[in-house]
Amino acid sequence: MDTLLYILKRIVISILTLLLVAAITFFLMNAIPGSPFLTEKSTPEQIALANAKYGLDKPLVVQFANYIKNLCHGDMGISLKMQQDTAVTKILFGQGKFILSIKIGLLALLVAVLLGIPTGVLQAYYRGGVLDNILRVITTLGIAMPSFVVATLMLFSFAVSLQILPVQSNSLTTASAYVMPVITLALSPYCRIAKLTRTSMLDAISQDYIRTARAKGLKTKTILFKHALRNSLIPVITYLGPLTAGIITGALVVEQIFHIPGLGDYFVSSILNRDYPIIMGTTLLLAALIIFMNLVVDIAYKLVDPRINITKKGN
């Protein structure tokens, strides 16, 4: 019952947070001078007619209220410019842009987790040794390097110099097209997960229950993976929530560099074209993803460590 009440409370908070994100995005977006219909050939009369057609001539408060009302019915509006009069929901979901971004993001997340946790365990086991020092340098560099730098280096090395990977990933129709975008997105999360796992493992190894397990004659492998690693995963799980959404939102730059027609590429284009409904729809979609993943993390706390009282944590 406590868990159910906690989840319901989190859902209500999530909805209020989405409304706040919608309000901030809407009013900041409209605070920028100009109009999506402003071109070199447009006249004031044409702009006024276009504003009246799409309801942009009404007060901002009325526009926002109408947007939220329509949003509650699953209507995110229609594109004003990029795909004029096309529903935003169709653009985001029907044309596969969101699915393409999700696919790249989940693959990058899988690579980061599958490599990051074992790397952290190895660093903790060989702490202070040559392997630990080498991996610490690598992970520090990986965190420090922005994704656009990693993408540029990979393009120059593997696509231009060695010519073993395609320069443009386009619609990701081949396996080789995934390599550079996925590695670019996975590098920083992999390094962060490795560092988190190493720190947590070192803390767990120094606990009394690990000394007791050693005194009982348990094998090192059993102590590391059965006892120490389980408790060390809590900080990693905490990071996985925002990381999952962060990888997808982080694909904005990567999709631009590798010319992938995903959500990120379209989001950047919508900002440049001042296509308000698409900007709103994409922002709310990404915000909802972040909020949902944080909720999943809070529930996962209890599953990983039943000693955690999530009801008290939520107060």
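**Figure 1. The whole chain, a predicted model built from helices.** A residue is called buried when its relative accessible area is under 20%, exposed when that area is over 50%, and partly exposed in between. With that in hand, start with the big picture: this is a predicted model, and buried residues make up 41% of the 315 residues in its chain. What kinds of elements does the chain have, helices or strands? It has 13 helices and zero strands, so if you walk along from the N terminus you meet α after α until you run out of elements. Now look at who touches whom. Among contacts with a separation of 6 or more, 73% are between residues 24 or more positions apart.

**Figure 2. A close-up of the largest pocket.** Here's a handy idea to keep in mind: rolling a probe the size of a water molecule over the atoms shows where empty space is left. The largest pocket in this model has a volume of about 440 Å³. It is lined by 19 residues, and the closest to its centre are Tyr54, Leu56, Gln63, Tyr67 and Asn70. Which helix gives the most to the lining of the largest pocket? That would be α3, with four residues. Helices α1 (2-31), α3 (60-72) and α12 (276-304) each supply at least two residues of the lining. Sort the lining by class and you get eleven nonpolar, six polar and two charged residues.

**Figure 3. The salt bridge between Asp132 and Arg198.** How many salt bridges does the structure hold? Just one, and here it is: Asp132 pairs with Arg198, and their closest N and O atoms are 2.9 Å apart. The pair ties together distant parts of the chain, with Asp132 sitting in helix α6 (residues 130-144) and Arg198 in helix α8, 66 residues apart. Are these two partners buried or exposed? Asp132 is buried, and so is Arg198.

**Figure 4. Thr184 and its surroundings, with Val149 in view.** Thr184 belongs to helix α8 (residues 176-205). Why does Thr184 count as buried? Its relative accessibility is 4%, and the cut-off for buried is under 20%. The side chain of Thr184 has a polar atom 2.7 Å from the backbone oxygen of Met180. Skip the neighbours within four places in sequence, and Thr184 is still in contact with Ser147, Val150, Ala151, Met154, Val254 and Phe258. Val149, meanwhile, is part of helix α7 (residues 147-161). The C-alpha atoms of Val149 and Thr184 are separated by 9.0 Å, and the two residues are 35 residues apart along the chain. Val149 has a relative accessible area of 29%, so it is partly exposed, whereas Thr184 is buried.

**Figure 5. Gly77 in its loop.** Let's leave the helices for a moment. Where is Gly77? Look in the loop between α3 and α4 (88-94). Gly77 counts as partly exposed because its relative accessibility is 22%, and buried would need a value under 20%. Leaving out neighbours within four places in sequence, Gly77 is in contact with Thr86, Ala87 and Val88. Now find Tyr276 as well. Gly77 and Tyr276 are 199 residues apart in sequence, but their C-alpha atoms are 9.3 Å apart in space.

Terms used:
Residues numbered from 1 in each chain as written. Predicted model: local features only at pLDDT ≥ 70, side-chain atom pairs only at ≥ 80, totals over all residues. Heavy atoms only, no water. 1 Å grid on protein atoms, 1.4 Å probe; cavity = no way out; pocket = protein on both sides within 12 Å on 5 of 7 lines; lining within 4 Å. Points joined across faces, edges and corners; volume = space filled by probe spheres on them. Nonpolar A, V, L, I, M, F, W, Y, C, P; charged D, E, K, R; others polar. Buried < 20%, exposed > 50% of the residue type's maximum accessible area, 1.4 Å probe, protein only. Polar contact = N/O pair within 3.5 Å; in protein donor to acceptor, adjacent residues only side chain to side chain. Contact = heavy atoms within 4.5 Å. Salt bridge = Lys/Arg side-chain N within 4 Å of Asp/Glu carboxyl O.
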